[in-house]
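Please look at the sequence and the model below before reading on. The paragraphs after them are meant to be read with the structure open.

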Amino acid sequence: MKQKLEGRYPAPSGVVIKMMTDRKFYCDRMELQGQKAYEVIDHHFDGKEFSLKIKRKLPAASVTSTESWNVASKTGRIIVELQGMPVEMSGATSLREEGG
């Protein structure tokens, strides 16, 4: 099943891509969501390509999520794995300017 989701940020895409390629942003977001038991499994950023893999425990399962971004194209990929469950989720994402 495919779904299309849109999110809007009140900032230019150049500012948002800096946020999406900042490891601290993801860790801060996890803690603000009440996720204290998480582990950064892998992280890479060379100024052009970013990837971050985080594992966390939820009441029903362990979840591993990987986000990767290409800074120049402002495109990304998200993969979510739920251990012990027959579920697979992934998606492509992109940033674009809209309006003024």
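What follows goes from the sheet to its hairpins, then to the helices, the aromatic rings and the nonpolar core.

The model is predicted, so that local features are described only at a pLDDT of at least 70 and side-chain atom pairs only at pLDDT 80 or more, while totals for chains, interfaces and linings use all residues. Residues are numbered from 1 along each chain as its sequence is written, and side-chain values use heavy atoms, with hydrogens and water left out.

The sheet is a good place to begin. Helices and strands are taken here as DSSP runs, numbered from the N terminus, with H or I over at least four residues for a helix and E over at least two for a strand, and two strands count as paired if DSSP finds at least two bridges between them. On these terms, 5 strands make up an open sheet whose order is β1-β2-β3-β4-β5, with antiparallel pairing. Its edges are formed by β1 (38-45) and β5 (88-94), each of which pairs on one side only. From one strand to the next the twist averages 10 degrees, where axes are lines fitted to C-alpha atoms (for helices over the stretch in contact) and angles run from 0 to 180 degrees between N-to-C directions. Strands of a sheet pair through backbone hydrogen bonds, in either a parallel or an antiparallel sense.

The pairings can now be followed one after another. Between β1 and β2 there are 7 bridges in the antiparallel sense, and within this pairing Y38 stands opposite R56 in β2. The hairpin of these two strands has 3 residues between them, and G47 takes a positive phi near 95 degrees there. Strand β2 (residues 49-57) goes on to pair with strand β3 (residues 62-70) over 9 bridges, again antiparallel, and this hairpin has 4 residues between its strands. Here E49 has N70 in β3 as its bridge partner, while L52 stands opposite E67 in β3. Strand β4 (residues 75-82) is joined to β5 by 7 bridges, the two running antiparallel, with E81 standing opposite E88 in β5. The hairpin of β4 and β5 has 5 residues between the strands, and in its turn G84 has a positive phi of about 80 degrees.

Helix α2 (residues 23-32) lies across β1, β2 and β3, and runs at about 20 degrees to β2. How are its aromatic side chains placed? Rings of Phe, Tyr and Trp (its six-membered ring) are paired if their centres lie within 6.5 Å, with planes under 30 degrees apart counting as stacked, over 60 as edge-to-face and the rest as tilted. By this rule there are 3 aromatic pairs. The rings of F25 and Y26 have planes at 75 degrees and centres 5.2 Å apart, so this pair is edge-to-face. The rings of Y26 and F50, by contrast, have planes at 15 degrees and centres 5.8 Å apart, so this pair is stacked. The stacked pair links distant parts of the chain, since Y26 belongs to helix α2 and F50 to strand β2, 24 residues apart. Ring pairs link F25, Y26, F45 and F50 into a cluster. With buried meaning under 20% relative accessible area, exposed over 50% and partly exposed in between (1.4 Å probe, protein chains only), Y26 is buried at 2% and F50 is buried at 1%.The nonpolar core brings several of these elements together. A core of this kind is a set of buried Ala, Val, Leu, Ile, Met, Phe, Trp, Tyr and Cys residues joined through side-chain atoms within 4.5 Å. The largest one has 14 residues, and those with the most contacts inside it are M20, Y26, Y38, V40, L52, I54 and W69. At least two residues of this core are supplied by each of α1 (13-20), α2, β1 and β2, and the largest share, 4 residues, comes from α2. With contact meaning heavy atoms within 4.5 Å, and leaving aside neighbours within four places in sequence, I54 is in contact with residues including Y26, M30, Y38 and V40. V40, in strand β1, has R23, C27, L52, K53 and I54 as its contacts when neighbours within four places in sequence are left aside.

Finally, S13 in helix α1 is buried, with a relative accessible area of 6%. Its side chain is joined to that of K74 by a polar contact of 2.7 Å, a term for a pair of N or O atoms within 3.5 Å in which, within protein, one must be able to donate a hydrogen and the other to accept it, residues adjacent in sequence counting only if both atoms are side-chain atoms.
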